[in-house]
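I opened my notebook today to walk through one protein model, step by step. Come along and keep the picture beside you.

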Amino acid sequence: RLPFRHARGVRSILASGNGRIEATEIADRILIAERIARYGWCIDERRLDAMMANFTETVLWDGSVMGVDQVGPFHGQQEVREFLAGILETQTAQRRHSFTNVVVDRLDGDEATAHAYLLLWSSEQGRTTPITTGPYRFTFTRMGGEWLISAVLAGWDAPLDWQDEEG
């Protein structure tokens, strides 16, 4: 039994296909959401080593602007690291990647898929402005007891400022 006053409502929100959700599934969903948050945090803090710790060795990173302008794909940690390092070299502003509406829509053994919306902010010279928004789709693999990102499909609703320099 859930020890909440409104347990019936919480139970219906948490219910999986069989009407029950196990504590391990709740923990997995929280850990997946935390991994998405760490992904955003690491890029904002320019910590590429920590960023790479979020990924499997064979990670696939792919993206597009409004489904038209392709960015990537980048295969493996080395290509992803080079891509991200190139972006960071051109940025002078402080970025904030805020991931919201995280939904784990598939959790099957050691594989999972989650969706989230990105709200990307930039702060420079005392001003904070929105840069873009967009949907992200993450694929996860559990390795050594940790949920690691095995694929990122990034979508942006508007062009990003670093695309001007890279074409």
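**Entry 1: a term to start with.** Before I look at a hairpin, I need to know what pairing is: two strands pair if DSSP finds at least two bridges between them. With that in hand, I looked up strand β1 (residues 55–65) and strand β2 (residues 69–75), which pair in the antiparallel sense over five bridges. Three residues lie between these strands in their hairpin, and Met-66 takes a positive phi near 55 degrees there. I also noted one facing pair: Ser-64 has Gln-70 in β2 as its bridge partner.

**Entry 2: how far to trust it.** I reminded myself that this is a predicted model. The mean pLDDT of the protein is 87, and 84% of its residues reach 70 or more. Where is confidence lowest, and where is it highest? I found the lowest in helix α1 (residues 7–14), at a mean of 44, and the highest in β6, at 97. Over residues 1–13 pLDDT stays under 50, and the model has five contacts beyond four places in sequence for them. I wrote a note to self: where pLDDT is low, the predicted coordinates should not be read in detail.

**Entry 3: the overall plan.** I counted up the secondary structure and got five helices and six strands. Along the sequence the pattern reads α-α-α-β-β-α-β-β-β-β-α. Of the 167 residues, 38% count as buried. I then checked contacts between residues at least 6 apart in sequence, and 51% of them join residues at least 24 apart. The protein exposes about 9,900 Å², with carbon and sulfur atoms supplying 52% of it.

**Entry 4: back to β1.** Eight of the eleven residues of β1 are buried, so this strand is largely enclosed by the rest of the structure. Besides its pairing with β2, I found seven bridges joining β1 to strand β6 (residues 146–156), and these two run parallel. Phe-55 stands opposite Ile-149 in β6.

I picked Gly-63 in β1 for a closer look. Is Gly-63 buried or exposed? Its relative accessible area is 1%, and the cut-off for buried is under 20%, so Gly-63 is buried. Leaving out residues up to four places away in sequence, Gly-63 touches Asp-69, Gln-70, Val-71, Ala-154 and Trp-156. I also checked Gly-63 against Phe-74: they are eleven residues apart in sequence and 9.4 Å apart in space, C-alpha to C-alpha.

**Entry 5: helix α2.** This helix has 22 residues and reaches 32 Å from its first C-alpha to its last, close to the 32 Å expected at 1.5 Å a residue. Its buried residues include Ile-32, Arg-35, Ile-36, Tyr-39 and Ile-43. A helpful rule: an α-helix has 3.6 residues a turn, so residues three or four places apart point the same way. Just after α2, Arg-46 takes a positive phi of about 60 degrees.

Arg-35 sits in α2 (residues 23–44). At 10% relative accessibility, Arg-35 counts as buried. Among the residues Arg-35 touches are Phe-140, Glu-146 and Trp-147.

**Entry 6: the core.** Which residues have the most contacts inside the largest nonpolar core? They are Tyr-39, Trp-61 and Phe-138, in a core of 35 residues. Tyr-39 touches Trp-61 and Phe-138, and its other contacts include Phe-55 and Ile-149. I closed with a general note: in soluble globular proteins, nonpolar side chains tend to be buried together.

Note on methods: Residues are numbered from 1 along each chain as its sequence is written. This is a predicted model: local features need pLDDT of at least 70, side-chain atom pairs count only at pLDDT 80 or more; totals for chains, interfaces and linings use all residues. Side-chain values use heavy atoms; hydrogens and water are left out. Helices (H or I, at least four residues) and strands (E, at least two) are DSSP runs, numbered from the N terminus. Buried means under 20% relative accessible area, exposed over 50%, partly exposed in between (1.4 Å probe, protein chains only). Contact means heavy atoms within 4.5 Å. A nonpolar core is a set of buried Ala, Val, Leu, Ile, Met, Phe, Trp, Tyr and Cys residues joined through side-chain atoms within 4.5 Å. The expected span of a helix is 1.5 Å times one less than its number of residues. pLDDT is the predictor's confidence in each residue, from 0 to 100. Accessible areas come from the Shrake-Rupley method with a 1.4 Å probe; for residues, only the protein chains shown count as cover.
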